Protein chains: 2
Amino acid sequence: MRYPVITIGRQHGSGGRTVAEMVAKKLDIPLYDKLLIQLIAKESGFAEEYIKDTDMRRIQSFFYGMYIDSRNLPLEDQLYIAQSKVIKEVSDKGPCVIVGRCADYVLRERTDVLHVFIHAPMEERIERVRDTYHEIEKDYKKYLTKLDKQRANYYNHYTGRKWGSSDIYDLVYSTDLGIEAVVDSIVHFAKGE
Amino acid sequence: MRYPVITIGRQHGSGGRTVAEMVAKKLDIPLYDKLLIQLIAKESGFAEEYIKDTDMRRIQSFFYGMYIDSRNLPLEDQLYIAQSKVIKEVSDKGPCVIVGRCADYVLRERTDVLHVFIHAPMEERIERVRDTYHEIEKDYKKYLTKLDKQRANYYNHYTGRKWGSSDIYDLVYSTDLGIEAVVDSIVHFAKGE
């Protein structure tokens with residue numbers, strides 16, 4: 001395989017998680033999404049629920065300055081360090097698909113990692129979040145825009161890059177093109193066929 | 001063909017122009033790149049040389065405020081209007097590939113247009129610009145970074161979007177993946193196979 005490790009960043013409601021699942025299944029390699037959270041929980045001692053929402057939380061820049069001593073880092077930073085360690089470990093073990101968690105940045109030095117980003121038009125995201133995930137919100141557009149902003153803040157804070165900027169990724173797809181077609185294309189590039 | 005019209009935005013030195021040529025050839029449809037400049041020259045009365053570098057010129061915001069009367073718009077704006085008109089006309093005529101010139105924004109309302117962005121790692125862009133295009137610069141990285149900024153300024157000014165931001169495009173590729181592979185993938189999605 002040309003790219004044995006695949007990182008997938010995604011907008012919430014884009015179908016990126018489904019794409020990741022299908023790519024992992026087609027290539028018959030492990031998917032690190034929920035599994036990654038379990039491993040990070042084990043590594044860090046944090047609760048899975050706390051880890052799950054990390055990249056949707058606001059970075060508490062107010063408190064940030066209070067922690068100078070590296071032995072006493074803010075929880076968010078301790079978590080980032082633990083998750084980076086786990087990402088490196090699992091990707092060293094063998095082929096896999098890793099969803100989110102700045103994995104593209106953590107593995108930026110490796111030349112055999114394929115970095116993918118998945119997005120979708122707002123209307124399709126709203127439909128998916130409401131009708132498939134059954135999330136209940138008053139204003140879906142506002143909710144998704146806020147999540148994008150939080151995810152970007154988290155990513156930008158830890159990587160110094162801009163979340164969703166084209167030049168970070170080898171491949172970007174709108175799932176508007178069809179989930180199956182996107183999955184096949186990623187598999188194709190990963191295999192280097 | 002699922003997407004008869006394809007717009008291709010690109011970083012200078014990314015190989016995007018070559019990709020566009022090859023896609024047009026494979027699909028046997030017209031390529032509007034140099035041809036577009038000739039048509040815009042005809043429509044606007046501007047010299048081809050002037051039009052060629054439009055998206056690399058700095059928007060003269062200092063002078064901008066001086067032109068209130070819409071009948072007496074700044075040259076840049078007259079040119080933008082002329083090129084938008086030409087883009088709409090050629091894409092109405094039939095299948096084609098259009099390179100740059102905010103074509104993705106001009107044709108944003110159409111659902112049968114595939115929007116693509118091409119980029120490449122900085123080292124590869126430098127190599128291409130120096131060894132293939134034979135452009136002579138003192139500091140290639142500085143030169144390309146400046147061009148990116150100018151192209152972004154131009155695009156952002158006229159579209160209110162962010163040039164190179166993933167969610168504008170249906171597909172984004174790094175030519176690091178191989179020019180042939182990128183071309184085949186675009187052709188595949190355009191055909192809707």
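What rotation superposes chain A on chain B? In this predicted model, the answer is a turn of 180°, with 0.0 Å of shift along the axis and an RMSD of 0.0 Å. The two copies are therefore related as by a two-fold rotation axis.

The place where the chains meet fits that picture. Here, 17 residues of chain A are in contact with 17 residues of chain B. On the chain A side, the elements giving two or more residues are strand 4 (113–119), strand 5 (171–174) and helix 9 (179–191). Strand 5 of chain A gives the most, with four residues. Sorted by class, this side of chain A has eight nonpolar, six polar and three charged residues. Of the interface residues of chain A, 100% are also interface residues in chain B, so the copies meet through the same surface.

Strand 5 also takes part in pairing across the two chains. Strand 5 of chain A and strand 5 of chain B (residues 171–174) run antiparallel and are joined by three bridges. In one of these pairings, V172(A) has V172(B) as its bridge partner.

Turning to the inside of chain A, helix 7 (residues 122–132) and helix 8 (residues 140–159) have axes that come within 10 Å and cross at roughly 100°. Helix 7 of chain A is thus roughly perpendicular to helix 8 of chain A. Helix 7 of chain A brings M122(A), R125(A), I126(A), V129(A) and R130(A) to the contact, while helix 8 of chain A brings Y140(A), K141(A) and L144(A). By class, the residues of this helix 7 and helix 8 contact in chain A are five nonpolar, no polar and three charged.

Notes:
Residues are numbered from 1 along each chain as its sequence is written. Chains are lettered from A and ligands numbered from 1 in the order in which they are written. This is a predicted model: local features need pLDDT of at least 70, side-chain atom pairs count only at pLDDT 80 or more; totals for chains, interfaces and linings use all residues. Two residues are in contact if their C-beta atoms, placed from the backbone, lie within 7 Å. Ala, Val, Leu, Ile, Met, Phe, Trp, Tyr, Cys and Pro count as nonpolar, Asp, Glu, Lys and Arg as charged, and the others, Gly among them, as polar. Two strands pair if DSSP finds at least two bridges between them. Copies are superposed by least squares on the C-alpha atoms of residues with pLDDT of at least 70 in both. Axes are lines fitted to C-alpha atoms, for helices over the stretch in contact, and angles run from 0 to 180 degrees between N-to-C directions. Angles under 35 degrees count as roughly parallel, over 145 as roughly antiparallel, 65 to 115 as roughly perpendicular and the rest as oblique.
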